[in-house]
Amino acid sequence: MDKNYLEKDLYHISIQHLDFESISKEIKEKGYYICDHLIDLELINSIVEYWKQRFLILNKHKPATKMVRGNLHLGEKDFDSYTSSHKWNLYRIFEFYWNPPNSVEDKITKEIALDLNRIRNVLTGKHQSYGLNYESNGDGAYLSISHYPPVDGFMEFHSDGFLRDEMLYHFMVNLTFKGEDYSEGGLHIVVDNKQIDVDSLMKPGSVLFYNGAYEHGVKPVKSDTQLGRIAFFSIPAPFLSQKEVSNFIRLIEKIYLKLYRILNK
């Protein structure tokens, strides 16, 4: 697991002190690993307020789109979502790496996520850029910024299983913290039938790497403020390409685009 070629391609994160072999071994044995001080605090502080304000706005004007699982297309536009059901209650901003950033803070967030994507790829034995460019089998990754509102923000325990028969490693960067921004709940990972409160172990600048095949969930978040739990991570996902879209759907798309061009002339 050679990390020497990786350093020059990272935007913000130094990996000189990381032992990739030890990290990968611990994820396999324990299900997760927390890298403290991996992201510079000044960098984290430069983006925190931006995302807090984005979610305060979404709290007031809830997006009509519900959280999406699957059916994502190559070339997809960024979108905001909100879902409240028996499975979860959260806001989620979906961003795709082929789209331009919406602000300086958004650009920094994407760059941090790209760094961590590359690290995750190397940890799993893949090429560092896997899923960040076009893959012939449709594999890719997108950036998710999630907000679990106070009082009722949660996600039921679940296992992400596998992506194309491969083990799923995730990373997570918290932007609000248990004990400061919320008092109860947060992300827990089930290891040896015990629910590990990983959010209580996270600090500003920490990054959590974990195996998505382990059961995990977000217990109801309790907070005296409007913030609740905010975190970002990048999700490996298969994207639909043109060959997987039926001719009928493509015909509708052509008609729509033709009408759009006519109406906007």
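Helix H3 is the main contributor to the lining of the second largest pocket, giving 4 residues, the most from any element. The model in which this pocket appears is a predicted one. The pocket itself has a volume of about 270 Å³. Of its 20 lining residues, Tyr97, Trp98, Leu114, Leu132 and Asn133 lie closest to the centre. Two elements, helix H3 (104–123) and strand E4 (139–148), each give two or more residues to the lining. Sorted by class, the lining holds 10 nonpolar residues, joined by 5 polar and 5 charged ones. For readers who like to picture the procedure, rolling a probe the size of a water molecule over the atoms shows where empty space is left.

The loop between H3 and E4 is also home to Glu135. With a relative accessible area of 18%, Glu135 falls under the 20% limit and therefore counts as buried. Leaving aside residues up to four places away in sequence, Glu135 touches Ser129 and Tyr130. Glu135 can also be placed relative to Pro238, which is 103 residues away along the chain: the C-alpha atoms of the two are separated by 9.6 Å.

Turning to the overall fold, the protein has 4 helices and 13 strands. Of its 265 residues, 51% count as buried. Contacts between residues at least 6 apart in sequence give a view of how the chain is put together, and 74% of them join residues at least 24 apart. On the outside, the protein exposes about 13,800 Å², with carbon and sulfur atoms supplying 52% of that area.

Salt bridges come next, and a search of the whole structure finds 6 of them. One of these lies within a single helix, where the side chains of Lys30 and Glu26 meet at 2.8 Å, N to O. Both residues belong to helix H1 (residues 20–30), and because they are 4 residues apart there, about one helical turn separates them. Lys30 is partly exposed at 30% relative accessibility, and Glu26 is likewise partly exposed at 27%.

A second salt bridge joins the side chains of Lys203 and Asp36, at 3.8 Å from N to O. Lys203 sits in the loop between strand E10 (194–197) and strand E11 (207–211), while Asp36 sits in the loop between strand E1 (32–35) and helix H2 (41–60), so this pair ties together parts of the chain that are 167 residues apart in sequence. Lys203 is partly exposed, with 42% relative accessibility, and Asp36 is partly exposed as well, with a relative accessible area of 30%.

A further salt bridge is formed by Arg229 and Asp199, whose closest N and O atoms are 2.5 Å apart. This pair, too, links distant parts of the chain, with Arg229 in strand E13 (residues 229–238) and Asp199 in the loop between E10 and E11, 30 residues apart. Here both partners are buried: Arg229 has a relative accessibility of 2%, and Asp199 has a relative accessible area of 1%. The loop between E10 and E11 thus carries a residue from each of these two bridges, Lys203 in one and Asp199 in the other.

Note on methods. Residues numbered from 1 in each chain as written. Predicted model: local features only at pLDDT ≥ 70, side-chain atom pairs only at ≥ 80, totals over all residues. Heavy atoms only, no water. Buried < 20%, exposed > 50% of the residue type's maximum accessible area, 1.4 Å probe, protein only. Contact = heavy atoms within 4.5 Å. Areas by Shrake-Rupley, 256 points an atom, 1.4 Å probe, with all protein chains shown as cover. 1 Å grid on protein atoms, 1.4 Å probe; cavity = no way out; pocket = protein on both sides within 12 Å on 5 of 7 lines; lining within 4 Å. Points joined across faces, edges and corners; volume = space filled by probe spheres on them. Nonpolar A, V, L, I, M, F, W, Y, C, P; charged D, E, K, R; others polar. Salt bridge = Lys/Arg side-chain N within 4 Å of Asp/Glu carboxyl O.
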